[in-house]
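Reader: I should like to understand the reasoning behind the terms applied to this structure. Please set each value against its criterion.

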Amino acid sequence: MIPLKELTAADLAAFIESHLTSKGIEVVLSGGACVSIYSSNKYVSMDLDLINVLFVKSGRLRDAMSEIGFVEEGRYFKHKDTDYFVEFPAGPLSVGSEPVKKIIELERETGTLRMISPTDCVKDRLACYYYWDDLQCLEQAVLVADSEEIDLKEIERWSKGESRLKEFNNIKWRFIKEE
Amino acid sequence: MLEPLLGSKNAERVLLFLLARKEGYSREIMRFFGGDPDSIHKQLVKFEAGGVLASRKAGRTHLYSFNPRYPFLKELKALLEKALTFYPQDEKERLLMNRRRPRRSGKPL
């Protein structure tokens, strides 16, 4: 058994995902933990949102998680050796009204980490900003864009599809990198 | 009307109420339709867990509304709007015609 205490969010997510995959359960990391990973911890999230892509029943998730020592507490799974907690938001894997089509796979020492791409991560954060005026989410989107290559044209197309083109045009400058 | 599709009367009630009023809490929905507050509450929690609804706290009350990030929201609302057109006129009016504008505290009427 891998000691969980020292694991980063990425290594822990990879460990959990690989264990779940071995049980036939497909999940993909989304949400704030992706911001942490892409921004090299400039933003820290202790919440691992693993999207339950194939809508596996909660009993199966509970059994699989208990095999690696995670205990269900309300909506979350916790482990005595780590401060990170795991949630399984219901699928489908989406950003706003669109499905996520591209999954990034990263090989880590603890297993394979499957997560949304930097561009989808920015869209995911912008969805919070667009719909709930959450400025923290806008800042998180900018952190990802500062650290990773993102497809701004694609984000513009998506924003238009979400009927938020005006909002996007107001914040576009935050994502344009100076030469 | 949508019970065969949604699986329960309360599921339909909750969604139609939120479609009409934008926001609501379990006791308010129960007062409107009648029925058991606990089962309305359970339905709200279930929809929130499924990503259909989102909630925020106002004092001690959990206010629920549609989750704008739910990928099928546009289609779900279209279905509910259609269902609402089949509702009896008086029920529809009762749902839609509620006071939204603020009332100054201490105003006699």
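Author: The following exchange takes up overall form, domains, cores, chain contacts and confidence in turn.

Reader: How do you know what confidence to place in this structure as a whole?

Author: This is a predicted model. Its scores are ipTM 0.72 and pTM 0.86.

Reader: What makes the radius of gyration of chain A agree with that of a compact globule?

Author: A compact globule of 179 residues would have a radius of gyration near 16 Å, and chain A has 17 Å, so the two agree. Along the principal axes, the C-alpha atoms of chain A fill a box of roughly 50 × 30 × 25 Å. Seven helices and nine strands make up the secondary structure of chain A, and 40% of the 179 residues count as buried. Of the contacts in chain A between residues at least 6 apart in sequence, 65% join residues at least 24 apart.

Reader: What are the domains of chain A, and where do their bounds lie?

Author: The domain assignment gives domain 1 (9-117) and domain 2 (119-175) of chain A. Their centres, taken over C-alpha atoms, are separated by 22 Å. In the contact between them, 17 residues come from domain 1 of chain A and 15 residues from domain 2 of chain A. On the side of domain 1 of chain A that touches domain 2 of chain A, helix α2 (residues 32-38) of chain A gives the most, with three residues. That side divides into seven nonpolar, seven polar and three charged residues.

Reader: Why is the largest nonpolar core said to lie between the domains of chain A?

Author: Domain 1 (9-117) and domain 2 (119-175) of chain A both give residues to this core, so it lies between them. The core has 48 residues, and those with the most contacts inside it are A:Leu12, A:Ala13, A:Leu29, A:Cys34, A:Leu48 and A:Val144. Helix α1 (residues 9-22) of chain A gives the most to this core, with eight residues. Leaving aside residues up to four places away in sequence, A:Ala13 touches A:Leu29, A:Ala33, A:Leu48 and A:Leu113. A second, separate core has 14 residues and includes B:Phe17, B:Leu18, B:Leu53 and B:Tyr64.

Reader: Why is A:Val144 assigned its burial class, buried or exposed?

Author: A residue is buried if 20 or more other C-beta atoms lie within 10 Å of its own. A:Val144 has 25 C-beta neighbours inside 10 Å and therefore counts as buried. A:Val144 is found in helix α5 (residues 135-147) of chain A.

Reader: Which residues does A:Val144 touch, not counting residues up to four places away in sequence?

Author: With that exclusion, A:Val144 touches A:Val35, A:Tyr38, A:Ser39, A:Pro118, A:Cys121, A:Val122 and A:Ile150. The C-alpha atoms of A:Val144 and A:Cys34 are separated by 8.7 Å, although these residues are 110 residues apart along the chain.

Reader: How many residues are in contact between chain A and chain B?

Author: Nine residues of chain A are in contact with eight residues of chain B. The side of chain A that touches chain B has six nonpolar, three polar and no charged residues.

Reader: Where in chain B is confidence lowest, and where is it highest?

Author: Confidence is lowest in helix α6 (residues 89-96) of chain B, at a mean of 83, and highest in strand β2 (residues 61-66) of chain B, at 94. Chain B averages a pLDDT of 88, and 93% of its residues score at least 70.

Methods
Residues are numbered from 1 along each chain as its sequence is written. Chains are lettered from A and ligands numbered from 1 in the order in which they are written. This is a predicted model: local features need pLDDT of at least 70, side-chain atom pairs count only at pLDDT 80 or more; totals for chains, interfaces and linings use all residues. Helices (H or I, at least four residues) and strands (E, at least two) are DSSP runs, numbered from the N terminus. The radius of gyration is taken over C-alpha atoms; the globule rule is 2.2 Å times the number of residues to the power 0.38. A residue is buried if 20 or more other C-beta atoms lie within 10 Å of its own, exposed if 12 or fewer, and partly exposed in between; C-beta atoms are placed from the backbone. Two residues are in contact if their C-beta atoms, placed from the backbone, lie within 7 Å. Domain bounds come from an automatic or database domain assignment. Ala, Val, Leu, Ile, Met, Phe, Trp, Tyr, Cys and Pro count as nonpolar, Asp, Glu, Lys and Arg as charged, and the others, Gly among them, as polar. A nonpolar core is a set of buried Ala, Val, Leu, Ile, Met, Phe, Trp, Tyr and Cys residues joined through C-beta atoms within 7 Å. pLDDT is the predictor's confidence in each residue, from 0 to 100.
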